[in-house]
Amino acid sequence: MATPSRKAGAQKSEAREVAPERAGRRLRVLLPLPLEGAYDYRLPPELVAGPGSFVEVPLGGRTSLGVVWDDAPDQEHVAEGRLRAVIAIKPAPPMGAPLRRLVDWVAAYTLSPPGAVLRMAMSAPAALEEPAAATGWQRVAGAEGRITPDRARALEALGGLTLPGVEIARLAGVSMGVVRGLASAGLIAPRLMPRAAAFPRPLPDFAPPDLRPEQSSAAAALREAVESRGFGVTLLEGVTGSGKTEVYLDAIAETLRQGRQALVLLPEIALSTQWLARFERRFGAPPALWHSELSPRTRRVTWRAVAEGTAPVLVGARSALFLPFPDLSLIVVDEEHETAFKQEEGVIYHARDMAVVRARLEGATCVLVSATPSLESVTNAEAGRYRRLGLPVRHGGAAMPLIEAIDLRQHPPERGRFLAPPLVTAMTETLARGEQAMLFLNRRGYAPLTLCRACGHRMQCPNCTAWLVEHRAQRRLLCHHCGHTAPTPPACPECGVEHSLVPIGPGVERIQEEVAELFPEARRLVMASDTIPGPAAAAEAARQIEAREVDLIIGTQIVAKGWHFPHLTLVGVVDADLGLGGGDLRAGERTMQLLHQVAGRAGREDKPGRVLLQSFSPEHPVMQALIRDDFPGFLKAEAAQREPGHWPPYGRLAALIISSEDARAAERGAREMGLAAPVGPGLQVLGPAPAPLALLRGRYRHRLLLKAARGVRVQAVLADWLARATLPREVRVQVDVDPVGFL
Ligand code: ADP
Ligand code: ZN
């Protein structure tokens, strides 16, 4: 470690054996860049650093930040004389060993350069600087000057304290000009103030609920796990509204009592206003937050507070997994089945799986929470790798909603409409009772396809294999894959016939229009990522619904998430079959999870809930499982389907996406990869084939799928495969271990 801790004598003799002492010590620095590995640097004797220290080093003609890494320096590669020196040690707590091991682990697992993973753990470089001490103001004893009534009030408010200028102005009810006047008159003088904690401590016993007996025993088990200070994973299951959140909040209370840190991962943190309000009611203080929409200042302050251990509870999106907690005791992954936890770009990783890895490296408790857990997690629980806790019924005696299908073949909507008569009737009844109804359709915009009635031309994205989605309010067509947008043309661009373009199929905007015609008096709210763009809009939407300023909600999957609306009793699913097409391995499981969650929004308090699924195939196993409320039975059937063919979780998958802006190069690359495909026991390669999204953001794409038996180390197979293939230079290969999406 750092030389100064050694005795001076020992230091001298060692220095003679190794290198001249003035040359300093050789060490490895990992840079947050997509390089092969860490680089060697020389640590000048006057600097003190050990593994985990954040450092500034020269790199080419500029400088870079980096972290002192653990692996042995590479003596052969760079000669002593050519070694460049570390410039400075950053004044920040060193990155802990568990997080360094996580970076290595994720890099090895996903076949990413370690520096690319480190970059995710260094997402707020400004936080490495010592935060500036705040300046306050104090009265100058015995000073004399002109005292106006405003100035007198400000001085009185200040009294014998040291306060920031804005605080003096606020307390005295005067402008900042008055405070500045006092300063220039020499009546008050600046003083450095101790830095206030960025996050107040949540209080474990602020307002705990009385847990029901089954909640109590689940909570006790989690508390015990936290107390044990050892690694373990618990799968916490229970229908929507059964009180799972209260149970894991109790485990968080335990980490607070221990003075340690807790991390909660939520799939849609920007929409979690109700969750946050509830946390604050429970603990008397808000948690720290982490997501992509934080201001640079909040990012810096939060990262620093986490690193210094002064953010006891942090709630975040998947990227929060790479924050520098020094003393992590609990990781909760709520809605663990959500695909939002999978990062699909850059370093492709699954935050739920990596949460388990981090918990293991930290010796922490990990809790996976869901009403409809993934087959992966259930299989792990059944194999005894995870402990399993369940809450069988809804809290407060609320019944589970009654789920029925509407067979669209028997009850077709009227021409040009999308809501079947039985659903319209149910909506009428619900509104007549003064209750709220929600329509769910997982499609933004007005119509997913625009077609020319004259020539059949379909409006398509120039950069992607995708139709353009009409957004009528903006009078534009939009690509949901690349963001390409253009005004809706007055005539068909192909045949030139005017007013010939017609919308095909519904999006939420079109359903809104239909509902406006059917229920002109009802107050409507559309909830989609473009109408609810962030936390403020989500909070306002939730407020309106809770205050009953809204009668009908029309929403995409953002309405499925965790909301608790007491007066909502009817949920209509406009197109329950939507997610089942496409031949994706988990299409059934995902549709089941999403629809179960949407259904769970209905009847959460005393009034019973009802759910209507519009479907062309009510006999489909997914619809049947929903209607019969038989999730375990559904999972059993899924397992029986996947096990014989060794599909996950009974085997392993890795996808390769070969892409290029040059169509022929992409195809050649895919063929090369196909020829170099690994052969061996327990290995199978499917493809190459053009990807379903054959063109995405201007790149032509081909896919290969490696299927391997459970025990196979796919990383080694993939690394060997990639090394053997010679690819055209303009071709990019993306590796996706444990793929979730198959487009
Ligand atoms: P889940 O997370 O399983 O969907 P929640 O924890 O959100 O369920 O609980 C559903 C509702 O019941 C919430 O409004 C919650 O505040 C309330 N609730 C749950 N458990 C209790 C309890 N023991 N005492 C009082 N209210 C509770
Ligand atoms: Zn596009």
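Helices and strands are here runs assigned by DSSP, of at least four residues for a helix and at least two for a strand, and they are numbered from the N terminus. With that convention, H646 can be placed in the loop between helix 18 and strand 26. The structure is a predicted model, and the account below begins with this loop before moving to the other parts of the chain.

Although H646 is not a glycine, its phi is positive, at about 55°. Its relative accessible area is 45%, and H646 is therefore classed as partly exposed. The loop between helix 18 and strand 26 (651–660) also contains P649. The peptide bond that joins P648 and P649 is cis, with omega about 5°. A cis peptide bond is also found between G687 and P688, where omega is about 10°. P688 belongs to strand 27, which covers residues 683–696.

H499 likewise has a positive phi in a residue other than glycine, with a value near 50°. H499 lies in the loop between strand 20 and strand 21 (501–504). Because its relative accessibility is 63%, H499 counts as exposed.

The next feature is the metal site. The zinc ion (ligand 2) has as its protein donors the SG atoms of C461, C464, C479 and C482, at distances of 2.2 to 2.4 Å. The four donor atoms make angles of 104 to 114°, and the site is tetrahedral. For comparison, the ideal angle for four tetrahedral donors is 109.5 degrees. Along the sequence, the donor residues follow the spacing C-x2-C-x14-C-x2-C. Within this set, C464 and C482 form a pair that links distant parts of the chain, 18 residues apart. C464 sits in the loop between strand 17 (449–452) and strand 18 (469–471), while C482 sits in the loop between strand 19 (476–478) and strand 20 (485–487). How do the two residues stand in terms of burial? C464 is buried, since its relative accessible area is 2%, whereas C482, with a relative accessible area of 26%, is partly exposed.

L478 is located in strand 19. L478 and C461 are separated by 17 residues in sequence, and their C-alpha atoms are 8.1 Å apart. When neighbours within four places in sequence are set aside, the contacts of L478 are R444, W467, L468, V469, H471, G483, H484 and T485.

Two helices show how elements pack in this model. Helix 12 spans residues 375–382, and seven of its eight residues are buried, so this helix is largely enclosed by the rest of the structure. The buried residues are L375, E376, S377, V378, T379, N380 and A381. They pack against strand 8 (232–238), strand 13 (365–370) and strand 14 (387–391), and against helix 11 (351–362), helix 16 (587–599) and helix 18 (631–642). After helix 12 comes G384, with a positive phi near 85°.

In helix 9, which runs over residues 273–283, the buried residues are T273, Q274, W275, L276, F279, R282 and F283. In an α-helix there are 3.6 residues a turn, so residues three or four places apart point the same way. The buried residues of helix 9 pack against helix 8 (244–257) and helix 15 (535–546), as well as strand 9 (261–265), strand 10 (288–290), strand 11 (313–316) and strand 12 (328–334). Helix 9 is followed by G284, whose phi is positive and near 70°.

Empty space inside the model comes next. What is enclosed there? The structure contains one cavity of 30 Å³ or more, and the largest cavity holds about 40 Å³ of space. Its lining consists of Y109, K342, H350, D353, M354, V737 and D738. By type, these lining residues comprise three nonpolar, one polar and three charged.

Two of the lining residues, Y109 and V737, also appear among the contacts of Q715. Q715 is part of helix 20, residues 714–724, and is buried because its relative accessible area is 9%, under the 20% limit for that class. Beyond its neighbours within four places in sequence, Q715 is in contact with A108, Y109, L111, R652 and V737. Q715 and A108 are 607 residues apart in sequence, yet their C-alpha atoms are 7.5 Å apart in space.

Definitions and conventions:
Residues numbered from 1 in each chain as written. Chains lettered and ligands numbered in written order. Predicted model: local features only at pLDDT ≥ 70, side-chain atom pairs only at ≥ 80, totals over all residues. Heavy atoms only, no water. Donors = N, O, S within 2.8 Å, 3.2 Å for Na, K, Ca; no water. Tetrahedral: all angles 85-135°; square planar, octahedral: opposite > 155°, others 65-115°. Buried < 20%, exposed > 50% of the residue type's maximum accessible area, 1.4 Å probe, protein only. Contact = heavy atoms within 4.5 Å. 1 Å grid on protein atoms, 1.4 Å probe; cavity = no way out; pocket = protein on both sides within 12 Å on 5 of 7 lines; lining within 4 Å. Points joined across faces, edges and corners; volume = space filled by probe spheres on them. Nonpolar A, V, L, I, M, F, W, Y, C, P; charged D, E, K, R; others polar.
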